[in-house]
Amino acid sequence: MEFFGVRILGLNPETLRKVVLSLAVLVVVMGVRALLGVVVGLGTGVSRRSIWARKYIRLAFGGLGTLLLLSIWFDNPTRLATFLGLLAGGLAFASQNAVLSVAGYFVIVFGKTFDLGDRIQIGDVRGDVLDIGLLKTTVMEMGVPPLLHPDPHHWVGARQYTGRVVTITNAEVFKQPTYNYTRNFNFLWEELRLPLRYDTDPRKAEAIVLAAVREATAGIIEEGHRQLANMRERYLIHSGELEPRAYLRLTDNWVELSVRFLVNTYGVREVKDVIARRILERFREEDLELASTTVELVHPPRTRPHTSTPSTSPREDPHVLR
């Protein structure tokens, strides 16, 4: 085909027809996909189901569009097989991590490693899953307790949002262990440790602590039993103690009282704050004290006033006037 007397290589009526058909396919596929996405959003709003529905629509129409474009340009099966072989070899050589990320996507989605909204940890990244893409997963990062992960980059010392959005390649599921805080069992076992003086009545302190824990976690034991029963139908799991339990441990400085209790995955810091405030209030009412590493002077040493004795008597001092 010639334009202004110049023949453009590779451009002929057949090629031009394929270009026009390809543009028409792209317009139709993208238009229908956008329309269905709007319909799904209007019908269900923002939810896990609507997000996945939009994702499946994009994947389905993306695959359909790719199939139609390949059918237009490679009507010869031999040429198509050659092209796909060269493309696959080039991708495997040039971007192995991208291929691994795509494989990781199918492991995450179809293996149910985690889902949208789950609280997970992959490597050093902890947070809630915002999006699962074909190549990467987006996470809203949360902080960690300092004793659990003393990293200066985690300035929030609890399981609360830091405000950073972290992107993780899906290939990490093959390289790092993946922890899921919310899959099948939406609870965590937490512990609170209190140092007691050796002259403190441990039974009274234990009763106060257990009462505070039961008040702050009331209503979750029954739901915990229900979810644990569902897990036993799918996994070989031993019975877990869901009721709050207290334990004592002797140390060189104090008696350590540990209480173990069940709490929802979300809002752990708020629950522990309520428990701590109630314990402090009732300890003051019962005149109980917590131990500490500060030094307390029980019997300070007595000091005598300093008196200076003259080296010579007045009679022996030659400077004394008589």
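**A three-stranded sheet, two helices and a surface patch**

Let's start with one pair of residues: L194 stands opposite L257, and L257 belongs to strand β10. Keep in mind that this is a predicted model.

Now, the strands around that pair. Ten bridges join β8 to β10. Strand β10 covers residues 255–264. The two strands run antiparallel.

Let's widen the view to the sheet. Three strands make it up, in the order β8-β10-β9. The sheet is open, and its pairing is antiparallel. Which strands sit at the edges? They are β8, residues 187–196, and β9, residues 245–250. Each of these pairs on one side only. On average, neighbouring strands here are turned by 25° against each other, direction ignored. As a general reminder, strands of a sheet pair through backbone hydrogen bonds, parallel or antiparallel.

Next, the helices. Helix α5 spans residues 202–216 and packs on the sheet. It touches β8, β9 and β10. Its direction makes about 15° with that of β10. Then there is helix α6, residues 220–232. Helix α6 lies across β8 and β10. Its angle to β10 is about 70°.

Last stop: helix α1, which runs over residues 13–44. L16 is found there. Is L16 buried, partly exposed or exposed? L16 counts as partly exposed, because its relative accessible area is 38%. L16 also belongs to a nonpolar patch on the surface. The other members are V19, V20, L23, L26 and M30. Together, the patch residues have about 510 Å² of accessible area.

Definitions and conventions: Residues numbered from 1 in each chain as written. Predicted model: local features only at pLDDT ≥ 70, side-chain atom pairs only at ≥ 80, totals over all residues. Heavy atoms only, no water. Pairing = 2+ DSSP bridges. Helix = DSSP H or I, 4+ residues; strand = E, 2+ residues; numbered from the N terminus. Axes fitted to C-alpha atoms, helices over the stretch in contact; angles between N-to-C directions. Contact = heavy atoms within 4.5 Å. Patch = residues over 30% accessible without salt bridge, like charges linked within 9 Å, V, L, I, M, F, W, Y side chains within 5 Å. Areas by Shrake-Rupley, 256 points an atom, 1.4 Å probe, with all protein chains shown as cover. Salt bridge = Lys/Arg side-chain N within 4 Å of Asp/Glu carboxyl O. Buried < 20%, exposed > 50% of the residue type's maximum accessible area, 1.4 Å probe, protein only.
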